[in-house]
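Welcome! Let's look around this structure together, one question at a time. Take a moment with the view below before we start.

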Amino acid sequence: MFSAEINRDENKIKAISIYPNPATDVVKINTNKEGRVDLYNMSGQYIKSIGLKKGENTLDVRSLSTGVYLLKTETNTHKIIKK
């Protein structure tokens, strides 16, 4: 599981955990604030966005090809691996 302190600003996501990583079907994203994440491939091409609610969120990765992807929040970028 990956955890990070994201930002001290109360209006932005402060903590996020992303698991399992690598993933085959879904990636779970736990956060303490509402927000949004954008998914990109390693070439920088936009794939999709999901809105986050406080607590557990699910990102379906079944349709993605095997590889490494970037999951961007408003202040940080995380790598996820699709098996």
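**A guided tour in questions**

Q: What does Lys28 count as at 25% relative accessibility?
A: The scale calls a residue buried under 20% relative accessible area, exposed over 50% and partly exposed in between (1.4 Å probe, protein chains only). At 25%, Lys28 therefore falls in the middle class, so Lys28 is partly exposed.

Q: How far can we trust the picture, and what is the average pLDDT of the protein?
A: This is a predicted model with residues numbered from 1 along each chain as its sequence is written; local features need pLDDT (the predictor's confidence in each residue, from 0 to 100) of at least 70, side-chain atom pairs count only at pLDDT 80 or more, and totals for chains, interfaces and linings use all residues. Side-chain values use heavy atoms, leaving out hydrogens and water. Of the residues, 83% score at least 70, and the average pLDDT is 88.

Q: Which element has the lowest confidence?
A: Strand 7 has the highest mean, at 97. Where pLDDT is low, the predicted coordinates should not be read in detail. That caution is useful for the element with the lowest mean, 49, which is strand 1 (residues 2-5).

Q: How many strands does the protein have?
A: Helices (H or I, at least four residues) and strands (E, at least two) are DSSP runs, numbered from the N terminus. Read from that end, the elements run β-β-β-β-β-β-β-β. The protein has zero helices, and its strands come to eight.

Q: How many residues are in the largest nonpolar core?
A: A nonpolar core is a set of buried Ala, Val, Leu, Ile, Met, Phe, Trp, Tyr and Cys residues joined through side-chain atoms within 4.5 Å. Val27, Ile29, Leu39, Leu59, Leu71 and Ile80 have the most contacts inside the largest one. Strands 2, 3, 4, 5 and 7 each give two or more residues to this core. Its residues number 15.

Q: Which residues beyond its sequence neighbours is Ile29 in contact with?
A: Contact means heavy atoms within 4.5 Å. Neighbours within four places in sequence are left aside here. The partners of Ile29 are then Ile16, Ser17, Val37, Ile50, Leu52, Gly55, Glu56, Asn57, Leu59 and Leu71.

Q: Which residue meets Lys28 in a salt bridge?
A: A salt bridge is a side-chain nitrogen of Lys or Arg within 4 Å of a carboxyl oxygen of Asp or Glu. Here the N to O distance is 3.6 Å, between Lys28 and Glu56. The pair links distant parts of the chain, with Lys28 in strand 3 and its partner in strand 6 (residues 55-60), 28 residues apart. At 37% relative accessibility, the partner is also partly exposed, and that partner is Glu56.

Q: How many salt bridges does the protein have?
A: Side chains of opposite charge can pair when their charged atoms come close. Asp38, buried at 12% relative accessibility, forms a salt bridge with Arg36, the closest N and O atoms being 3.0 Å apart. Asp60 forms another with Arg62, at 3.1 Å, and Arg62 is exposed at 52%. The count of salt bridges is three.

Q: Is Ala23 buried or exposed?
A: Ala23 sits in the loop between strand 2 and strand 3. Leaving aside neighbours within four places in sequence, its contacts are Val61, Ile81, Lys82 and Lys83. With 2% relative accessibility, Ala23 is buried.

Q: Which residue follows Asn21 across a cis peptide bond?
A: In the loop between strand 2 and strand 3 we find Pro20, and the peptide bond from Tyr19 to Pro20 is cis, with omega near -15°. Pro22 is found in that loop as well. The bond from Asn21 is cis too, with omega near 15°, and it leads to Pro22.

Q: Is Ser63 buried or exposed?
A: Look for Ser63 in the loop between strand 6 and strand 7. Its C-alpha atom is separated by 8.5 Å from that of Asp25, although the two are 38 residues apart along the chain. At 67% relative accessibility, Ser63 is exposed.
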